Amino acid sequence: MRFSVLASGSSGNAVYVENEEHCFLVDVGLSGKKIEQLFNEIDRDIKKLSGIFVTHEHSDHIKGLGVIARKYGLPIYANEKTWSAMDSLIGNVPVDQRFQFDMETVKTFGTVDIQSFAVSHDAADPMFYVFHENNRKLVLITDTGYVSDRMKGHIKGADSFVFESNHDVSMLQMGRYPWSVKRRILSDVGHVSNEDAAVAMSEVVDIKNTNIYLSHLSKDNNMKDLARMSVTQTLESCGIIAGEYVHLHDTDANKPTELVVV
Ligand SMILES: [Zn+2]
Ligand SMILES: [Zn+2]
């Protein structure tokens, strides 16, 4: 499998995954036009997608979903509650493009198994995905207020993680957001901070070459260097030296990461 984080952050999210036979998109949180541009940048064809998997109905995950699915006739997969929550937000999608992907189940496309798992976030029924093929494992996990033991069971031992590192707690606390918004982000159904993400990472990485893509960074309450520094420090305090067998990578709100093997 190969993958690219096409875009990540509070302004829009999309992750591309492929193998020899199939290609997939997880979330379409940017405009249709921007998604087309990102596909051009990784030199891939949207028409070939076998499916679009939706994590939850927040606009930074579904902004271009209806437009792209209609334009290219693509199948959309989401769980029942997410379908109900997003139906009025994405415009008309023909019935033959609507598929159900239940929570905590596996769908198989050729040699790829895709497992859905629940996260803790203030959406109807948010879930993220693990992609497995030939003993290689890619985990996508953003938009969760904390990482539970159940989630850790699903995501443990991946070769590559796209892992939320949303905010720096002091930047958030001192920043301009209203208190209600700060409280939501910091809550159990908001987003994980750099430190909390790193503590969770330390419990799920194996002693092998693991690539971690720091994702869904808040535009106002985080910076790439700061996220990397606090994740590195927290991992070190948990006995994991970044650069040794854990490799940290940035993601960007506007440009794709290199398309690499999981
Ligand atoms: Zn969200
Ligand atoms: Zn989000």
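## The annotated stretch

Over residues 11-216, the chain is 30% helix and 26% strand, and the C-alpha atoms at the two ends sit 9 Å apart. Helices here are DSSP runs of H or I with at least four residues, strands are runs of E with at least two, and both are numbered from the N terminus. Residues 11-216 also carry a label: an unreviewed UniProt entry annotates them as "domain: Metallo-beta-lactamase". UniProt positions are given in the numbering used here, feature names are shortened, and annotations may be inferred rather than shown by experiment.

A few ground rules: this is a predicted model, where local features need pLDDT of at least 70, side-chain atom pairs count only at pLDDT 80 or more, and totals for chains, interfaces and linings use all residues. Residues are numbered from 1 along each chain as its sequence is written, chains are lettered from A and ligands numbered from 1 in the order written, and side-chain values use heavy atoms, leaving out hydrogens and water.

## The zinc site

Which residues hold the zinc ion (ligand 1)? His-56 (NE2), His-58 (ND1), His-121 (NE2) and Asp-143 (OD) coordinate it, at 2.2 to 2.5 Å. To count as a donor, an N, O or S atom must be within 2.8 Å of the metal (3.2 Å for Na, K and Ca); water is not among the atoms, so sites may look incomplete. Along the sequence, the donor residues follow the spacing H-x1-H-x62-H-x21-D. The angles between the four donor atoms run from 87 to 176 degrees, so the arrangement is irregular. (Tetrahedral needs four donors with all angles between 85 and 135 degrees; square planar with four, or octahedral with six, needs opposite donors over 155 degrees apart and all others between 65 and 115; anything else is irregular.)

There's a second zinc ion (ligand 2), 3.4 Å from the zinc ion (ligand 1), and Asp-143 coordinates both. His-58 and Asp-143 link distant parts of the chain: they are 85 residues apart, with His-58 in the loop between β4 (51-53) and α2 (59-62), and Asp-143 in the loop between β10 (136-141) and α5 (149-155). Asp-143 is buried, at 1% relative accessible area. (Buried means under 20%, exposed over 50%, partly exposed in between, using a 1.4 Å probe and protein chains only.)

## Salt bridges

Side chains of opposite charge can pair when their charged atoms come close. The structure has 16 salt bridges, each a side-chain nitrogen of Lys or Arg within 4 Å of a carboxyl oxygen of Asp or Glu. In one of them, Glu-36 pairs with Lys-71, with their closest N and O atoms 2.6 Å apart. That pair links distant parts of the chain, joining helix α1 (residues 32-41) to helix α3 (residues 65-72) across 35 residues. Glu-36 is buried at 19%, while Lys-71 is exposed at 54%.

Another salt bridge stays within helix α5: Lys-152 and Asp-149 are three residues apart, about one turn of the helix, and their closest N and O atoms are 3.8 Å apart. Is each partner buried or exposed? Lys-152 is buried at 14%, but Asp-149 is exposed at 64%. Elsewhere, salt bridges with shared partners join Arg-2, Glu-18, Glu-20 and Arg-44 into one network.

## A look at His-167

His-167 sits in the loop between β11 (160-164) and α6 (169-174), and it's buried, with 1% relative accessible area. Leaving out residues up to four places away in sequence, His-167 touches several others, including Leu-172, Ile-185, His-191 and Asn-221. (Contact means heavy atoms within 4.5 Å.)
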